[in-house]
Amino acid sequence: MLPLDTLFPDSVEQADLYSVFGKRVADERLARKISQQKLANLVGLSRASIANIEAGRQRVLLHQAIELVQALKMQTISDILPLNVALAGDLKGKAKAVKISGSTVSRNEAATIAQIVENS
C-alpha cells in the first residue's frame with residue numbers, strides 16, 4: 001500500500017482531502033443547478049449525507065464517488081478526485097510503471113487504475 005502522502009498533490013494535506021472532494025461535489029452540483037435532495041436521490045444517499053460530503057465531514061466510498069461523477073454528468077472521476085495520476089511513459093502500453101505523485105506502482109496496478117479512470 002502506498003503512503004497517503006504520496007497520493008496527494010503537495011497543495012492538498014491529508015486532513016483536507018475530504019474538504020477538497022466535497023467542495024468539488026458542491027461546485028459541480030451548483031453549476032448544474034441540482035439541489036442536494038435531487039443529487040441524494042440520484043445516488044441513493046440522504047440529503048444530509050450530501051451536505052456532509054460537501055462540507056468534508058463524511059468519507060466517501062469509491063463506488064459512491066463514481067455514482068456522484070455519473071449523477072453530475074462529469075467527464076471522468078479524475079475531475080472530482082484530488083489525486084494526481086500520470087503514466088510514466090506513453091499511453092500505448094509501453095510504460096512499465098505508473099507514477100502517482102512520485103510513487104511507482106506495478107504495470108498491473110497501472111492498468112487497473114487506468115481502467116477505473118477511463119470507465120468512470
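This is a short tour of a predicted model, going from the whole chain to one helix pair, the nonpolar core and a single loop residue.

**Whole chain**

Start with the full chain coloured by secondary structure. Five helices and three strands are present, and their order along the sequence is α-α-α-α-β-β-β-α. The three strands thus follow one another in the pattern, with four helices before them and one after. Switch on the surface: the accessible area is about 7500 Å², and carbon and sulfur atoms hold 52% of that area. Of the 120 residues, 33% count as buried. Among contacts with a separation of 6 or more, 53% join residues 24 or more positions apart.

**Helix 2 and helix 3**

Next select residues 36–43, which form helix 2, and residues 47–54, which form helix 3. Two packed helices are described by the angle between their axes and the distance between the axes. Here the axes come within 8 Å and cross at roughly 105°. Angles of 65 to 115 degrees count as roughly perpendicular, so helix 2 and helix 3 are roughly perpendicular to each other.

Show the side chains at this contact. From helix 2, display Gln-36, Gln-37, Leu-39, Ala-40 and Val-43; from helix 3, display Arg-47, Ile-50, Ala-51 and Glu-54. Sorted by class, the residues of this contact are five nonpolar, two polar and two charged.

**The nonpolar core**

Keep Leu-39 selected and add Phe-21, Val-25, Leu-68 and Ile-80. These five have the most contacts inside the largest nonpolar core, which has 18 residues. Helix 1 (17–31), helix 2, helix 3 and helix 4 are the elements that give two or more residues to this core. Which helix gives the most to this core? Helix 4 does, with four residues. In soluble globular proteins, nonpolar side chains tend to be buried together.

Now centre the view on Val-25. Beyond its neighbours within four places in sequence, Val-25 is in contact with Leu-39, Ile-53, Glu-54, Leu-68, Leu-72 and Ile-80. Of these partners, Leu-39 and Glu-54 also belong to the contact of helix 2 with helix 3.

**Arg-59**

Finish at Arg-59, in the loop between helix 3 and helix 4 (62–71). Is Arg-59 buried or exposed? Its relative accessibility is 64%, so Arg-59 counts as exposed. Leaving out neighbours within four places in sequence, select Tyr-18 and Gln-64 to see what Arg-59 contacts. For a last distance, pick the C-alpha atoms of Arg-59 and Ser-49: they are 9.6 Å apart, with the two residues ten positions apart along the chain.

Note on methods: Residues are numbered from 1 along each chain as its sequence is written. This is a predicted model: local features need pLDDT of at least 70, side-chain atom pairs count only at pLDDT 80 or more; totals for chains, interfaces and linings use all residues. Side-chain values use heavy atoms; hydrogens and water are left out. Axes are lines fitted to C-alpha atoms, for helices over the stretch in contact, and angles run from 0 to 180 degrees between N-to-C directions. Angles under 35 degrees count as roughly parallel, over 145 as roughly antiparallel, 65 to 115 as roughly perpendicular and the rest as oblique. Contact means heavy atoms within 4.5 Å. Ala, Val, Leu, Ile, Met, Phe, Trp, Tyr, Cys and Pro count as nonpolar, Asp, Glu, Lys and Arg as charged, and the others, Gly among them, as polar. Buried means under 20% relative accessible area, exposed over 50%, partly exposed in between (1.4 Å probe, protein chains only). A nonpolar core is a set of buried Ala, Val, Leu, Ile, Met, Phe, Trp, Tyr and Cys residues joined through side-chain atoms within 4.5 Å. Accessible areas come from the Shrake-Rupley method with a 1.4 Å probe; for residues, only the protein chains shown count as cover.
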